[in-house]
Amino acid sequence: MLAIGTKAPYFEGVDENGNVVKLSDFAGRKLVLYFYPKDSTPGCTSEACDLRDNYERFLALGYNVLGVSRDSAASHQRFISKYNLPFHLVSDTDLVMLKAYEAWGEKKMYGKVTEGTLRTTYVIDESGVIIDAIGKVNTKDHTSQILKG
């Protein structure tokens, strides 16, 4: 994982609507940047819905929320529509963001080692510095991990 206190890597990606989203779009605001494996899977749905259910809290505290996965924009549109997600999702099909944020790597599943998305969340402050990094995500109560209670 990237270290707390380091500058967040620059990113530029495309959201579910085909709009370009850049780190600089969030200058002067805090950002919860979360990486997840796959739209509409149980853990990813729990995580997204927890963030959705607490979205107003995030906004009130000055946070923006942005999700990133390898899924296509069309997949993101379906996921957002099905679960009424109020935040944007970026498609990183070429793994540029995932690798820059060290959210891609070896993982073990059912005793088998594969490469894939490592569920990871970074909190980035108003000046683009990582102020928190969460690698052991509790998908059902991720908001508490981010907001510390």
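1. Ser 40 counts as partly exposed, because its relative accessibility is 38%. Here buried means under 20% relative accessible area, exposed over 50%, and partly exposed in between (1.4 Å probe, protein chains only). The structure is a predicted model, in which local features need pLDDT of at least 70 and side-chain atom pairs count only at pLDDT 80 or more, while totals for chains, interfaces and linings use all residues. Residues are numbered from 1 along each chain as its sequence is written, and side-chain values use heavy atoms, with hydrogens and water left out.

2. Ser 40 belongs to the loop between strand 3 and helix 1. Helices (H or I, at least four residues) and strands (E, at least two) are DSSP runs, numbered from the N terminus. The phi of Ser 40 is positive, about 65 degrees, although the residue is not a glycine. Most residues other than glycine have a negative phi.

3. Asn 84 is a second non-glycine residue with a positive phi, of about 55 degrees. This residue follows helix 3 and lies in the loop that leads from helix 3 to strand 5. Asn 84 is exposed, because its relative accessible area is 61%.

4. Helix 3 itself, residues 73–83, has four residues to note on its buried side: Ser 75, His 76, Phe 79 and Ile 80. These residues cover an arc of only 130 degrees around the axis, so they sit on the same side of helix 3; the arc is that of the directions from the helix axis to the C-beta atoms. The face turned away from the buried side of helix 3 carries Arg 78, Ser 81 and Lys 82, which are exposed. The packing partners of the buried residues of helix 3 are helix 1 (42–53), strand 4 and strand 5 (88–91).

5. Which residues have the most contacts inside the largest nonpolar core? They are Phe 11, Leu 31, Leu 33, Phe 35, Leu 66, Tyr 101 and Ile 124, in a core of 21 residues. At least two residues of this core come from each of strand 3 (30–35), strand 4 (63–69), helix 4 (96–100) and strand 8 (120–124). Strand 3 gives the most, namely three residues. Another core, of 20 residues, lies apart from it and includes Ala 48, Leu 51, Phe 79 and Val 123. A nonpolar core is a set of buried Ala, Val, Leu, Ile, Met, Phe, Trp, Tyr and Cys residues joined through side-chain atoms within 4.5 Å.

6. Ile 124, with neighbours within four places in sequence left aside, is in contact with Ala 8, Leu 23, Arg 29, Lys 30, Leu 31, Leu 33, Tyr 101, Val 129, Ile 130 and Ile 131. Contact means heavy atoms within 4.5 Å.

7. Is Thr 143 buried or exposed? Thr 143 is buried, because its relative accessible area is 1%. This residue lies in helix 5 (residues 142–147). Its C-alpha atom is separated by 6.1 Å from that of Leu 51, 92 residues apart along the chain. Leaving aside neighbours within four places in sequence, Thr 143 is in contact with Asp 50, Leu 51, Asn 54, Arg 57, Phe 58 and Lys 148.

8. Lys 140 lies in the loop between strand 9 (130–134) and helix 5. Its relative accessible area is 65%, so Lys 140 is exposed. Leaving aside neighbours within four places in sequence, Lys 140 is in contact with Ser 46 and Asp 50. Lys 140 and Ser 72 are 24 Å apart in space, C-alpha to C-alpha, and 68 residues apart in sequence.

9. Ile 4 is placed in the segment before strand 1 (12–15). This residue counts as exposed, because its relative accessibility is 53%. Where the C-alpha atoms of Ile 4 and Asp 132 are concerned, the separation is 5.7 Å, with their places 128 residues apart along the chain. With neighbours within four places in sequence left aside, Ile 4 is in contact with Ile 130, Ile 131, Asp 132 and Ala 133.

10. Glu 56 is part of helix 2 (residues 55–60). At 59% relative accessibility, Glu 56 counts as exposed. The C-alpha atoms of Glu 56 and Lys 107 are separated by 33 Å, and the two residues are 51 residues apart along the chain.
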